[in-house]
Amino acid sequence: MSTKAETIASHSTAVLSFSQQLWESGAATYAEILRHPFLTGLTDGTLSKDAFRYFVIQDSHYLRAYARALSLVSARATDPEAVALFAGHASDAIAVEKELHVSLLHGLGLTAAAVDAAGSGPTTTAYASYLLGVCATGTYAEALAAVLPCYWVYRDVGRELLTRSSPDPLYAQWIASYGSPEFDAVVESVLAVTDGLGSDIGPSERVRCHEHFAVTTRYEWMFWDAAYQQLSWPI
Ligand SMILES: Cc1ncc(C[n+]2csc(CCO)c2C)c(N)n1
């Protein structure tokens, strides 16, 4: 039987691009994400407004942390194009957070003060801490592997949900923002940077990249699950 490192190393010499190799580490989780009742509830309109409200509040906290993680990715990039790309996306994440306040929060009867008062929940805090930890202490490739599922899972979920849409106008508005062609172009540029790194990475670093990708894909599932359950701190 081959070890995990050998399996990953054998993939690296095969025809798959680095991003496609990473995707295999999250593929089973991605299949579960599409079946999650939060997402099926969004598209058939049965998702409770309380669960969606929880999601939007937690996403505000998540986006603030994610922007900082992307700034760290930007700082570690050596290619000036990649520095600019991730710095731009860090800035976009803050803009998205503000936009959320204006459109979705208002439609949900929420205020910025309510978001701050709710604070970052257990799953948001765990996911954000993992991202910031890897981006601060890992290599550039590890940092990229950790932030990648956020882009990629959302693009693919957005595309899938667009085909289903939603009878609820608020849910349809959210779906449209991630299924847009502009967002598709953002994700393709990040995948191109990832593939450009593929040949420079050693075997142990490659294994760590796969681990980070698998963990943050799981956190994406957990983020929707936390909203579905409206998970709070136990104490
Ligand atoms: C839990 C969670 N995961 C991913 C995204 C999607 N997302 C947020 S910022 C960004 C890139 C730069 O704008 C992307 C793809 C989200 N909103 N919430």
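**Worked exercises on an all-helix chain**

Of the 235 residues of the chain, 36% count as buried (20 or more other C-beta atoms within 10 Å of a residue's own; 12 or fewer is exposed, in between is partly exposed, and C-beta atoms are placed from the backbone). Bear in mind that this is a predicted model, where local features need pLDDT of at least 70, side-chain atom pairs count only at pLDDT 80 or more, and totals for chains, interfaces and linings use all residues. Residues are numbered from 1 along each chain as its sequence is written.

**Exercise 1. Work out which elements the chain has and how its radius of gyration fits the globule rule.**

Step 1: count the elements. There are 11 helices and 0 strands (DSSP runs, H or I of at least four residues for helices and E of at least two for strands, numbered from the N terminus).

Step 2: check the size. A compact globule with 235 residues would have a radius of gyration near 18 Å, and the chain has 18 Å, so the two agree (taken over C-alpha atoms; the rule is 2.2 Å times the number of residues to the power 0.38). Along its principal axes, the C-alpha trace spans about 50 × 40 × 35 Å.

Step 3: look at the contacts. Of those with a separation of 6 or more, 80% come from residues 24 or more positions apart (a contact means C-beta atoms, placed from the backbone, within 7 Å).

**Exercise 2. Describe how α7 packs on α11.**

Step 1: get the geometry. Helix α7 (residues 122-137) and helix α11 (residues 203-229) pack at about 160 degrees with axes 9 Å apart (axes are lines fitted to C-alpha atoms, for helices over the stretch in contact, and angles run from 0 to 180 degrees between N-to-C directions). That makes α7 roughly antiparallel to α11 (over 145 degrees; under 35 is roughly parallel, 65 to 115 roughly perpendicular and the rest oblique).

Step 2: get the hand. The α7 and α11 crossing is left-handed (the near helix is turned anticlockwise from the far one by less than a right angle; clockwise is right-handed).

Step 3: list the partners. On the α7 side sit T123, Y127, Y130, L131 and V134, which meet H212, V215, T216, Y219, M222, F223 and A226 in α11. This contact divides into 9 nonpolar, 3 polar and no charged residues (Ala, Val, Leu, Ile, Met, Phe, Trp, Tyr, Cys and Pro are nonpolar, Asp, Glu, Lys and Arg charged, and the others, Gly among them, polar).

**Exercise 3. Now do the packing of α4 on α11.**

Step 1: helix α4 (residues 49-76) meets α11 at about 135 degrees, with axes 7 Å apart. That makes α4 oblique to α11.

Step 2: the crossing of α4 and α11 is right-handed.

Step 3: A51, Y54, F55 and Q58 in α4 meet A226, A227 and Y228 in α11. The split here is 6 nonpolar, 1 polar and no charged.

**Exercise 4. Place L39 and list its contacts.**

Step 1: L39 is in helix α3 (residues 37-44).

Step 2: L39 counts as partly exposed because it has 19 C-beta neighbours inside 10 Å.

Step 3: skip neighbours within four places in sequence, and L39 touches I33, L34, V157, L161 and W224.

**Exercise 5. Place S165 and Q230, two non-glycine residues with positive phi.**

Step 1: S165, with phi near 50 degrees, lies in the loop between α8 (140-164) and α9 (169-178). S165 has 15 C-beta neighbours inside 10 Å, so it counts as partly exposed.

Step 2: Q230 has phi of about 50 degrees and lies in the segment after α11. Its 14 C-beta neighbours inside 10 Å make Q230 partly exposed.

Technical notes. Contact = placed C-beta atoms within 7 Å.
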